[in-house]
Every structure is written in C-alpha cells, then in structure tokens.
Amino acid sequence: MNAAVNLTNDELYSQVKQGPLPGHVAIIMDGNGRWAEKLGLPRIKGHHAGMESVREVVTLCADLKLQALTLYAFSAENWRRPGPEVSALMTLLQTYLKKEVDTMMDNDIRFRTIGRLDELPAAARKWVQKTVDTTAGNRGMILNLALSYGGRVELTDAVKKIAESVRDGRLDVEEINEELISNTLDTAGLPDPDLMIRTSGEHRISNFLLWQLAYSELYFTNVLWPDFRRRDMLLAIRDYQKRERRFGRITQQLATTVSSVGGGER
Ligand code: IPE
Ligand code: IPE
Ligand code: MG
C-alpha cells in the first residue's frame with residue numbers, strides 16, 4: 001500500500017515538492033456518469049461536479065510548476081453518446097472556458113488543445129480560440145485539453161502530412177524519424193507524459209496519446225473523477241516519485257545516466 005495515504009495534506013504536499021516532479025501529466029478524467037448515477041442524479045450533474053476537480057488539479061499542477069497537464073475532456077468516440085449528453089458536454093465546455101480563464105490568468109497558465117477542433121460546434125470553437133489567445137502570453141504551465149481527440153486519428157493525420165511532404169519533394173524518406181513523427185502530432189512541442197492517470201477503475205487507454213504514452217508511468221485509481229481532488233492528485237504524484245524509470249536499462253546503470261525513450265543517447 002502507498003504509505004503516503006497516512007500523511008496529512010501538508011506533509012504530503014511537502015514530500016511531493018521535494019521531487020522529482022513529472023514534467024507532463026496526462027489524465028483520463030473518467031467516472032462522471034457513474035458518480036451521478038450513484039447519487040440518483042442525471043449524468044450531466046457528474047460532468048458539472050467534475051469541473052471542480054479540474055479546477056483543483058489544474059491549480060495544484062500550476063503551483064507545482066509542472067510543464068504541462070493534458071486532460072482528456074472529450075474523445076473522438078464520445079460523439080457516439082446520446083445527443084443530449086453530447087450537447088450538454090459542449091455547453092459545459094464553454095461554461096468552463098468562460099469561467100476558468102481568470103484562474104488561468106491568475107496562475108500564468110497557457111491554454112492549448114489537441115484533437116479535431118473543427119468537429120466542435122462553432123460556439124465552443126470560438127471560446128477555445130478566445131482562451132488560447134487570451135492566455136498566449138502566459139509562461140507557466142501549459143494546460144492542454146484533448147477535445148474530439150483520438151490517438152489513431154492523430155497518427156493517421158500525421159502519416160498523411162508526412163506522405164504529402166514526401167510526395168511534394170519537401171521531405172526525403174530517410175529524414176523520417178521519431179522526432180519528426182512527434183513533431184507532426186497534435187502534441188508537437190510538448191514533452192511525452194511522464195505520468196498518465198486514469199480514474200474510475202477502468203484499466204484501458206481508450207485511444208488516448210497512443211504514441212506519446214510509450215514510456216509513461218501509469219497510475220490507475222478507483223476514485224471517480226468528481227471525487228478526485230487535490231489530495232488524490234498529490235497521492236498519484238507521490239506514487240510516481242517512488243517508481244524507478246529504467247527506459248530499458250538496468251538499475252545499476254541509472255545513477256550515471258538519465259535519459260528517456262528515443263533521442264540519440266542509447
Ligand atoms: C468521463 O466520465 C467524462 C467524459 C467521457 C466526457 P464518463 O461520462 O465517461 O463517466 P462514466 O464512465 O460513464 O461513469
Ligand atoms: C474516455 O472516457 C474519454 C474521456 C475521459 C474524455 P470514456 O468513458 O469515454 O472511455 P470508454 O469508452 O469507456 O473507454
Ligand atoms: Mg467513462
């Protein structure tokens with residue numbers, strides 16, 4: 001069991017602060033519907049309650065000075081949900097952006113997105129763009145929202161782009177490498193996630209960041225997203241801090257070299 005569960009919030013926070021901190025954390029925020037159903041409420045109430053968790057987790061991560069936080073807000077597959085739930089989620093997205101832009105400004109957060117934005121309703125798209133523009137000058141944590149995002153679609157689009165460059169003579173096949181692929185994905189410019197969290201007890205990736213999660217530490221918790229608050233996030237990071245990331249090497253080699261997957265250092 002994670003010994004950190006016995007710590008007070010202050011103790012836990014100060015341990016987490018001592019590091020090593022993840023640079024990029026990605027979260028599959030799952031369990032909103034079940035949270036609401038357990039209380040006999042409509043599913044959308046769970047999505048509303050989940051916004052409070054988003055605020056707590058975002059402010060904590062900004063305070064810890066993480067480089068980036070990616071939140072899976074709406075998947076390419078979520079369009080298959082009943083129409084009223086999809087509409088309610090799109091409205092909620094706008095509400096969130098209108099309400100939280102002040103939190104972003106107060107915390108020096110830069111907002112960006114991944115996914116097929118053009119599939120969102122115009123009003124939601126407008127608020128996304130407004131938030132990107134308003135926060136563009138901030139230099140703290142990047143808050144990256146995955147909207148109508150699917151890992152396979154993202155990879156397919158990247159393959160198409162690269163193929164077009166080769167076809168048009170702008171790129172040589174020999175120049176295709178991992179770095180180029182990373183830079184062609186929606187997440188271009190972001191480091192790969194060090195830690196991926198999924199709430200609600202589901203143990204799957206659900207088409208999230210398929211390329212980028214290659215060497216991420218995975219953390220699964222049964223806590224439903226609306227119940228996942230600051231303390232739960234601190235526990236997840238504390239758990240991450242206890243892991244040994246070997247990237248293919250053996251323990252004895254780690255004291256001298258720190259390197260991640262890919263790159264030139266092998
Ligand atoms: C996650 O919660 C939020 C979105 C996918 C938008 P769910 O809505 O998937 O909640 P459950 O899994 O049905 O409990
Ligand atoms: C994944 O959650 C997408 C988001 C959290 C936005 P789902 O609840 O939609 O995932 P599956 O379909 O059950 O795997
Ligand atoms: Mg779900």
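Me: Before we get to the pockets, which residues count as nonpolar, charged or polar here?
Reply: Ala, Val, Leu, Ile, Met, Phe, Trp, Tyr, Cys and Pro go down as nonpolar, Asp, Glu, Lys and Arg as charged, and the others, Gly among them, as polar. Bear in mind that this is a predicted model.

Me: OK, so how do the residues around ligand 2 divide by class?
Reply: That shell has 5 nonpolar, 3 polar and 4 charged residues. Among them are Ile28, Tyr72, Phe74, Asn78, Arg198, Arg204 and Ser206.

Me: Which element gives the most to it?
Reply: Strand β2, residues 68-75, with 4 residues.

Me: And which side chains have an N or O atom by an oxygen of ligand 2?
Reply: Ser206 has one 2.6 Å from a ligand 2 oxygen, and Asn78 has one at 2.8 Å. For Arg198, a polar side-chain atom sits 3.3 Å from an oxygen of ligand 2. The protein covers 79% of the 390 Å² of accessible area that ligand 2 has on its own.

Me: Switching to ligand 1. What's the class split there?
Reply: Its shell has 3 nonpolar, 5 polar and 4 charged residues. Arg34, Arg43, His47 and Leu89 are among the residues around ligand 1.

Me: Which helices supply at least two residues each?
Reply: α2 (32-38) and α3 (43-63). α2 gives the most, with 3 residues.

Me: What about Asp30, how far is its polar side-chain atom from a ligand 1 oxygen?
Reply: 2.9 Å. Gly33 puts a backbone N or O atom 2.9 Å from an oxygen of ligand 1, and a polar backbone atom of Gly31 is 3.4 Å from one.

Me: How much of ligand 1 does the protein cover?
Reply: 87% of the 380 Å² of accessible area that ligand 1 has on its own.

Definitions and conventions: Residues numbered from 1 in each chain as written. Chains lettered and ligands numbered in written order. Predicted model: local features only at pLDDT ≥ 70, side-chain atom pairs only at ≥ 80, totals over all residues. Heavy atoms only, no water. Near = heavy atom within 4 Å. Polar contact = N/O pair within 3.5 Å; in protein donor to acceptor, adjacent residues only side chain to side chain. Areas by Shrake-Rupley, 256 points an atom, 1.4 Å probe, with all protein chains shown as cover.
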